[in-house]
Protein chains: 2
Amino acid sequence: MKIIVDAMGGDLGPLEMVKGSIEAVNELNTNIILVGNEDIIRDELKKYTYPEDKVEILNADDIITNDEDPSLAIRRKKNSSMVVGAKALADGLGDGFLSAGSTGALLASGIFIVKRIEGIHRSPLSVLYPTLKGFSLLLDAGANVDCKPEYLYQFALMGSIYMEKVMGITKPTIGLLNIGTEKGKGNILTKDTYAILEESKLNFIGNIEGRDLPAGKADVIVTDGFAGNIALKLTEGMAISTFSLLKEELMKNTRTKLGAAILKPEFKNMKNRLDYREYGGAPLLGIKKPIVKAHGSSDAYAIKNGIKQLVKFIENDVIKIIEANIHIENNND
Amino acid sequence: MKIIVDAMGGDLGPLEMVKGSIEAVNELNTNIILVGNEDIIRDELKKYTYPEDKVEILNADDIITNDEDPSLAIRRKKNSSMVVGAKALADGLGDGFLSAGSTGALLASGIFIVKRIEGIHRSPLSVLYPTLKGFSLLLDAGANVDCKPEYLYQFALMGSIYMEKVMGITKPTIGLLNIGTEKGKGNILTKDTYAILEESKLNFIGNIEGRDLPAGKADVIVTDGFAGNIALKLTEGMAISTFSLLKEELMKNTRTKLGAAILKPEFKNMKNRLDYREYGGAPLLGIKKPIVKAHGSSDAYAIKNGIKQLVKFIENDVIKIIEANIHIENNND
């Protein structure tokens, strides 16, 4: 198995990308193709000991930044690490692609270079969302802001397969994000989606509300990219503002500072548990080959975990299973 | 000034409703009409000392519960405290109406009994949303799940007037809830709404993201009732799950229990600051007369504060100002 890694993407740059990749080579016994500026990558590689036949470099001098328009960037920067990496995946040089670069550009690379699975209407952004029970898969977290019921059904199907095959959850529960739990609640999109999900073979548990997200009521949370993006960023904002409030309360006087000192490890632990960036990479579902987006601020540890996730994505034939399910439905139509 | 109070609504029933009303009579010098079962109300009133000429009772034997379909309930239960109260408001027996009963039924009573202001397309549910800076007004928090740009513009206008006249904020900032801050981001609804808000005389500061809500980036947060409801309930869920996590961390061992004991008042304070129910009632904007929805779990203190808010709503001519603004625009069309 060979994993293609965008060595230039991510806020921390090649240092952490290369380090994490080498850790994956040594610990997981995977082959890696590092895509990016060859000189920089070679310099980084010198720091480590690893089986040299397991690591290749694919030169790409350009970098796509987070500020660029995704579709324009992938058309103009043909020699960027992201485009070269995605092309390598499309051409079969590797089995999966990991990038910590621009989410939009990676999604565009997936759709336009690697292409969507036949029969898939839209590719959602899927994010592992931290809950009191562990995590849920939230999709779409922002790729498709105007959705149709059949898109949401496919998101549910793909999310269910991913959670079962990659995250090891048996018969994942599917919840439809809505404004009330009763059937018949919601806007036109959710009402129509409810009807499709109810008729499907998925383990659909009905509507779930905003308050059910952090509680972990469903393994897969299905929603359009507008509501999903707002929910994801609000979750992040609530975690940040809660800690900001906490800090304010704890700096009030000597007594509170003493309490804060005593509980420092617990506060740190809480902070990590509330941080969705801790929970691994985001799979790009609906694309013909496995792609995982690592968070922009990923360090070597996160990159290694992202590669691990990608390995499971590949080994468990997630894409073949999605294709088979979509194929069956299209034949039934 | 005379305030009509639904004495039967709310989880805590007549006890707290009557107590809060009497506190308002004594402290704010308002007149009150208590609507509900006369015998029960009389029994409650016996507990207090107050100027008797300032308190009236309007009998209504029925109660609308939270489980009932709002539109059906207000049509079938003509003798419910909510319908009788709303009719009293429509007929001019009082100047404003407060209820802690079913939100949906109160909204339906507003729309069908008191009626919408001429030219107003839809009535949003408006909620005071707690932030690091204080609070914002979030609207629509769930009344209209499928919206048009012109509805959202009117929500912004009404929210701005309310925040200025009732909450005392000069030139309130208006933020459009969206998936990115740049102009051009979003779904069809937010893109079209952006264009209208940009051209308006409102203090529009552009798009705001989910993470900006708890930070308090805008005084008025405009959104459709679907995204707004999800945001509101997710905020509630995050506060609950954060405290659940905190509790788990603090019960680990003797050291953490000691720290928890030291910081008890601060944790309590934080909990209150994160609880949106602490921040007063929700005005029903776009209705011909002032209506405020108090939270279902309101105690006497919250009811008194709700009445106070309603008094400002009335005194500051919020409805006349909304009417004048809508009128000017319709003439300009």
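**Helix H9 and its sheet**

I looked up helix H9 (residues 225-250) of chain A in this predicted model. H9 lies across S5, S6 and strand S7 (174-177) of chain A. Its direction is about 140° to S6(A). Axes here are lines fitted to C-alpha atoms, for helices over the stretch in contact, and angles run from 0 to 180 degrees between N-to-C directions. Contact means that C-beta atoms, placed from the backbone, lie within 7 Å. Helices (H or I, at least four residues) and strands (E, at least two) are DSSP runs, numbered from the N terminus.

Next I checked the strand order of the open sheet: S5-S6-S9-S7-S8 (chain A), five strands with mixed pairing. Strands pair if DSSP finds at least two bridges between them. Strand S5 (126-130) and strand S8 (204-208) of chain A are the edges, each pairing on one side only.

I then followed S6 (residues 135-139) to S9 (residues 220-222) in chain A: they run parallel, joined by three bridges. A:Leu139 has A:Val222 as its bridge partner in S9(A).

**Two copies**

I laid chain A on chain B: the RMSD is 0.1 Å, after a turn of 179° and a shift of 0.0 Å along the axis. That is the relation of a two-fold axis. Copies are superposed by least squares on the C-alpha atoms of residues with pLDDT of at least 70 in both. In chain A, A:Gly259 comes closest to the rotation axis, at 2.4 Å (C-alpha).

**Conventions**

Residues are numbered from 1 along each chain as its sequence is written, and chains are lettered from A and ligands numbered from 1 in written order. The model is predicted, so local features need pLDDT of at least 70 and side-chain atom pairs count only at pLDDT 80 or more, while totals for chains, interfaces and linings use all residues.

Notes. Two residues are in contact if their C-beta atoms, placed from the backbone, lie within 7 Å.
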